[in-house]
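Here is a report on the ligands and pockets of one protein model. Look first at the ligand sites, then at the open space around them.

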Amino acid sequence: MSDPEIIQQKKSIRNRLRKARVEHAASLPKQVSALVFHRPPTAVVDMVPEDAVIGLYRADPGEAPASSYAKFFFERGHTIALPWLVDLNTPMRFRVHTDPYGESDLAKGYFGLMQGSEDAPEVVPDVLFMPLVAFTAKGDRLGQGGGFYDKWLGAHPDVIRIGLAWDMQEVPELPIEPHDMPLTAIVTPTRLLGPF
Ligand SMILES: Nc1nc2c(c(=O)[nH]1)N(C=O)[C@@H](CNc1ccc(C(=O)N[C@@H](CCC(=O)O)C(=O)O)cc1)CN2
Ligand SMILES: Nc1ncnc2c1ncn2[C@@H]1O[C@H](COP(=O)(O)OP(=O)(O)OP(=O)(O)O)[C@@H](O)[C@H]1O
């Protein structure tokens, strides 16, 4: 069972960094935001098997942008997948994303998030790039609090897990529970942390 004190600590870090990451992303000059997370570092590309299905996300305001990575891997012939939600109590799944350029295959889903249609084939990513609210230099990760990623990673422990984040999302320490799944590596605009 989750410790109420840890849950409270997570909530407080989440609130602080959610706000800070939106402010940070909005403060970047346009010339900078056009270039950050433009291409994955070579060391990350080298971690991706040739036929790997690549799980990505459609970034919310404040999150590290992921659309350039989607185009990059799509152009290299990989299948791209995005999270697909039913509701808060149903495990997250992934469906194929066929148009990383125009996003013509996406529609509003649960929570008002843009996601694939029900008709898009369900796939299981081999490499998962994921957003986060906070991380540590050891590869610990704090998410939005839905538990969607931790539950999915718990059920798919062999997936390569790569966090995308702003440098300012790093914290010295995170409260960790047994279900928290650490990252394989973290990419920021200035650094590659890991593979751990
Ligand atoms: N871009 C992106 N896509 C993603 C995620 C993400 O973090 N980023 N997810 C990562 O999980 C999943 C969506 N997770 C979500 C988790 C919470 C809420 C949300 O709206 N929560 C409410 C209430 C939360 C609460 O009960 O306190 C809110 O924040 O107001 C939305 C999506 C799948 N897709
Ligand atoms: N593998 C799991 N099995 C059962 N419950 C889980 C699992 N992983 C997470 N949870 C539950 O999900 C909720 C959110 O967990 P937590 O606060 O660690 O999420 P998070 O890391 O912020 O979010 P996410 O994993 O979606 O990015 C908690 O109630 C937690 O107990």
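Which elements each supply at least two residues of the shell around ligand 2? They are α1 (4–27), β9 (141–142) and α5 (148–155). The model is predicted, and what follows is computed from it.

**Ligand 2**

The shell around ligand 2 has 16 residues. Nearest come K10, R14, R141, F148 and H179. Helix α5 gives the largest share of this shell, with four residues. By class, the shell holds seven polar, six charged and three nonpolar residues.

Oxygen atoms of ligand 2 meet both side-chain and backbone atoms of the protein. In the side chain of R141, an N or O atom lies 2.8 Å from an oxygen atom of ligand 2. A polar backbone atom of F148 is 2.8 Å from an oxygen atom of the ligand. G143 also takes part through its backbone: one of its polar atoms is 3.0 Å from an oxygen atom of ligand 2. Taken alone, ligand 2 exposes 640 Å², and the protein buries 73% of that area.

**Ligand 1**

How many residues surround ligand 1? There are 15, and R58, E63, P131, Q144 and Y149 are the closest. By class, 10 residues of this shell are nonpolar, four are charged and one is polar.

Nitrogen atoms of ligand 1 are met by R58 and E63. R58 uses a backbone N or O atom, 2.7 Å from a nitrogen atom of the ligand. E63 uses a polar side-chain atom, also with a separation of 2.7 Å from a nitrogen atom. Q144 faces an oxygen atom of ligand 1 instead, with a polar side-chain atom at 3.1 Å. On its own, ligand 1 has 680 Å² of accessible area, of which the protein covers 64%.

The polar contacts of both ligands are set out here.

| Ligand atom | Protein atom | Distance |
|---|---|---|
| Ligand 2, oxygen | R141, side-chain N or O | 2.8 Å |
| Ligand 2, oxygen | F148, polar backbone atom | 2.8 Å |
| Ligand 2, oxygen | G143, polar backbone atom | 3.0 Å |
| Ligand 1, nitrogen | R58, backbone N or O | 2.7 Å |
| Ligand 1, nitrogen | E63, polar side-chain atom | 2.7 Å |
| Ligand 1, oxygen | Q144, polar side-chain atom | 3.1 Å |

**The pockets**

Where does ligand 2 sit? Ligand 2 sits in the largest pocket. Ligand 1 sits in the largest pocket too. The volume of this pocket is about 900 Å³. Its lining counts 37 residues, and Q144, G145, G146, G147 and F148 are the closest to its centre. Two of these names have come up already: Q144 is among the residues closest to ligand 1, and F148 is among those nearest ligand 2.

Elements that give two or more residues to the lining are α1, β2 (80–84), β5 (114–116), β9 and α5. The largest share, five residues, comes from α1. By class, the lining of the largest pocket has 16 nonpolar, 12 charged and nine polar residues.

The second largest pocket has a volume of about 160 Å³. It is lined by 13 residues. Y57, R58, A59, S67 and E103 lie nearest its centre. R58 also appears among the residues closest to ligand 1. Nine residues of this lining are nonpolar, two are polar and two are charged.

**Backbone notes**

Most residues other than glycine have a negative phi, and most peptide bonds are trans. Two places in this model depart from that pattern.

E103 has a positive phi, near 55 degrees. This residue is in the loop between β3 (93–96) and β4 (106–108). E103 is also one of the residues nearest the centre of the second largest pocket.

Which residues are joined by a cis peptide bond? They are G194 and P195, with omega about 0 degrees. P195 belongs to the segment after β12 (192–193).

Terms used. Residues numbered from 1 in each chain as written. Chains lettered and ligands numbered in written order. Predicted model: local features only at pLDDT ≥ 70, side-chain atom pairs only at ≥ 80, totals over all residues. Heavy atoms only, no water. Near = heavy atom within 4 Å. Polar contact = N/O pair within 3.5 Å; in protein donor to acceptor, adjacent residues only side chain to side chain. Areas by Shrake-Rupley, 256 points an atom, 1.4 Å probe, with all protein chains shown as cover. 1 Å grid on protein atoms, 1.4 Å probe; cavity = no way out; pocket = protein on both sides within 12 Å on 5 of 7 lines; lining within 4 Å. Sits in = over half its atoms within 2 Å of the grid points. Nonpolar A, V, L, I, M, F, W, Y, C, P; charged D, E, K, R; others polar. Points joined across faces, edges and corners; volume = space filled by probe spheres on them.
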